[in-house]
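Here is a short note to go with your first look at this model. Take the points in any order you like, with the structure open beside you.

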Amino acid sequence: MDGVSFSLNAGETLGLVGESGSGKTTTCLSIVGLLPRGARIVGGSVVFEGEDLTRKSQRELRRIRGRRIAVILQDPMASLNPLFTIFRQVAEPAFFHQQMRGKTLRQRVKSLLAAVRIPSPEWRMRDYPHQMSGGMRQRIVGAIALAGGPSLVIADEPTTNLDVTIQAQYLDLLKDIQRETGVALIFVTHNLGIVAKMCDRVAVMYGGTIVEQGPVRAIFDDPKHPYTQALLGSIPKLGSRDPLYAIPGQPPNLASLPTGCAFHPRCPQAMERCAIDEPTNVHAGDGSVARCWLLAPAAAPSHG
Amino acid sequence: MTQFIVRRILYSIVTLFILSGTIFLVVRMTGDPVLLLAEAGASTEDLDRVRQQWGLDRSWPVQYLAFMENAVRGELGKSFNYRMPVSELYFERLPNSLILGLAATAISLLVGVPAGIVSAVKVNSWWDNAAKGIGLLGLSIPGFWLGLVLILVFSVWLRWLPTSGAGDWRHVVMPAVALGWYFAASMLRLTRSSMLEVLGSEYIKLAKLKGLPEVVVIGMHAFKNALIPVLTLAGVNMVVMINAAVIVEVIFAWPGIGRLLYEGIFQRDFPLVQGVVIMAGFMIVGINLVVDVVYALIDPRIRLTR
């Protein structure tokens, strides 16, 4: 992965969108220094509250994980340990990071569970994960994320495995929590509807790179990059009788990316140059940034 | 829980019943014991007398009923060869077998489980390769060869340990190592694969993302989940090591049950073989029951209601 550069402020929500395999999850895990086997960070920086996380040891990172940056994983059925009570799993971050014990800890867990709207938390925290529904488990995972009092929560497709009705509930819950606690949120998803509902800004990933990012309004109203345009074009519209647009071809394998712009083999507006040179970031007037030769001053006369 | 245990005991009785019938028949396929009991060259009349004396002239169903009648009363009959009650022989040997079996179980667990964990955590490292090597050696080196090498090194050359027999703790060391070695290797391999599976799970990823110390992630979150298959194997292995450590018991002249059974089979000592096998059946049933209860204590999803 390369050219993944984004920033966000406290209380803000960034949407990270892209097809499966475009590098969204890897980006998230590299923020907190947990990479899959065989992957490593060879350059760049992750600056969080003024500190570069890529220069930190695993020991120091452990004190940041769960305490200052929390992650919500996508599968609620698999992300809780089946052998431990809800209490224990929610209590762990506060136990290890804030050294809470006894009554204070119980009180903390109870209020966390109440915050994610688990009914009768006093009673439910003695339960085990298998005694709860998927939606409830994902709310527990949310409570775990909040347990260490983080200033950034990374939610990696947190609603993909939930029923549609529960999805909406969960998103509302995350928004409410964000309003109450002021955490920054990185929302990884491939659902543009969720981005429109949840996010202040959005970054579109393709082939391990952010190809376009900017304020949600600007991106949705006037997408600059052909990939973003194609993504937005492939959202089904109510009442439309036209066949749904699908981007031709397959997303590239991150291990063997095409030369030049990674999107050029599938791009309807590809030029000769796109196959040779990698495009650089170009700032558009509305606050968005896109990585495309079409926007470069010396490019083809006009477009759009 | 109580209901579960009662039901399991009832099932166990059925199992033991089937086992008793099977061993009763199988042992009678080994040949006529009277030929070994009487002196060589005895006349047909003499053989008949001996047969009558031991009740072997009766039909099989009658013999089986007599065997069962005794067994229900807790008697296992009288050994042809030793001319002593089988239960006396058995309980005389049992403590020795328990000492050896438990020591070997302890060795297999203390070596196999930690090595399996390290090997899974540091997968494909130098550690893992070393553990895989030990695993391979453990499964391929026969216990009798290892036993002989141990005797050569520690008794003959170094003169640290006695070559054979039972006595104090020094007598136990070598037979326990020779016996536990193979089982340590199988423990290692099972622990490794079980841990690898758990370490790849989402809940372990989340545990790491919570910023928990590595000891907690591996030692509690992962290991507790990896424990169930390991526990099953440990239970089965223990029963095998207590009851069927024949080769090791022969090499180290260890007076255990395995050798008693072996001699019984060799001498066509029907009551002895039947008795020892039935007692082993009891032990398997008992240990499986304990393992099942421990399962339920570890895993809240398992409820003892079957």
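1. A word on terms before we start: a contact here means heavy atoms within 4.5 Å. Please also keep in mind that this is a predicted model.

2. Let us begin with B:Ile107, which sits in helix 5 of chain B, the helix that spans residues 86-121. Which residues does B:Ile107 touch, leaving out those up to four places away in sequence? The partners are B:Gly112, B:Ala176, B:Val177 and B:Ala184. Of these, B:Ala176 is worth a look on screen: 69 residues separate B:Ile107 and B:Ala176 in sequence, yet their C-alpha atoms are 7.5 Å apart in space.

3. Is B:Ile107 buried, partly exposed or exposed? Its relative accessible area is 25%. Buried would require under 20% and exposed over 50%, so B:Ile107 counts as partly exposed.

4. Now step back to chain B as a whole. Chain B holds 13 helices and zero strands, and from the N terminus on every element in the run is therefore written as α. Along the principal axes, the C-alpha atoms of chain B fill a box of roughly 85 × 55 × 30 Å.

5. How much of chain B is buried? Of its 306 residues, 46% count as such. Among contacts in chain B with a separation of 6 or more, 74% are between residues 24 or more positions apart.

6. Turning to the surface, chain B has an accessible area of about 15,600 Å², and carbon and sulfur atoms account for 68% of it. The charged side chains of chain B are 25 positive and 20 negative, with the centres of the two sets 11 Å apart.

7. Helix 12 of chain B (residues 257-266) is a good place to study burial. Its buried residues are B:Ile257, B:Gly258, B:Arg259, B:Leu260, B:Leu261 and B:Gly264. What covers them includes helix 5, helix 10 (214-243), helix 11 (246-251) and helix 13 (270-298) of chain B. Helix 5 is also where you met B:Ile107.

8. Some backbone angles deserve a check. Most residues other than glycine have a negative phi. After helix 12 of chain B comes B:Arg268, with a positive phi near 50 degrees. In chain A, A:Glu49 is not a glycine but has a positive phi of about 50 degrees; A:Glu49 is in the loop between strand 2 (47-48) and strand 3 (51-52).

9. A:Glu157 also has a positive phi, of about 45 degrees, without being a glycine. Where does A:Glu157 lie? Look in the loop between strand 5 (152-156) and helix 7 of chain A. With a relative accessible area of 9%, A:Glu157 is under the 20% cut-off and so counts as buried.

10. Finally, the empty space inside. Rolling a probe the size of a water molecule over the atoms shows where such space is left. Across the whole structure, the search finds five cavities of 30 Å³ or more, and the largest cavity contains about 80 Å³ of space.

11. What lines the largest cavity? There are 13 lining residues, and those nearest its centre are A:Ile72, A:Leu146, A:Val153, A:Leu174 and A:Ile177. Helix 6 (134-147) and helix 7 (164-181) of chain A each supply at least two residues of this lining. Helix 7 of chain A gives the most, with five residues.

Methods: Residues are numbered from 1 along each chain as its sequence is written. Chains are lettered from A and ligands numbered from 1 in the order in which they are written. This is a predicted model: local features need pLDDT of at least 70, side-chain atom pairs count only at pLDDT 80 or more; totals for chains, interfaces and linings use all residues. Side-chain values use heavy atoms; hydrogens and water are left out. Helices (H or I, at least four residues) and strands (E, at least two) are DSSP runs, numbered from the N terminus. Buried means under 20% relative accessible area, exposed over 50%, partly exposed in between (1.4 Å probe, protein chains only). Accessible areas come from the Shrake-Rupley method with a 1.4 Å probe; for residues, only the protein chains shown count as cover. Lys and Arg count as positive and Asp and Glu as negative; His and the chain ends are not counted. The place of a charge is taken as NZ of Lys, CZ of Arg, CG of Asp or CD of Glu. On a 1 Å grid over the protein atoms alone, a cavity is a set of points where a 1.4 Å probe fits but cannot get out, and a pocket is an open set with protein on both sides within 12 Å along at least five of seven lines; lining residues have an atom within 4 Å of a point. Grid points are joined across faces, edges and corners, and a volume is the space filled by probe spheres set on the points.
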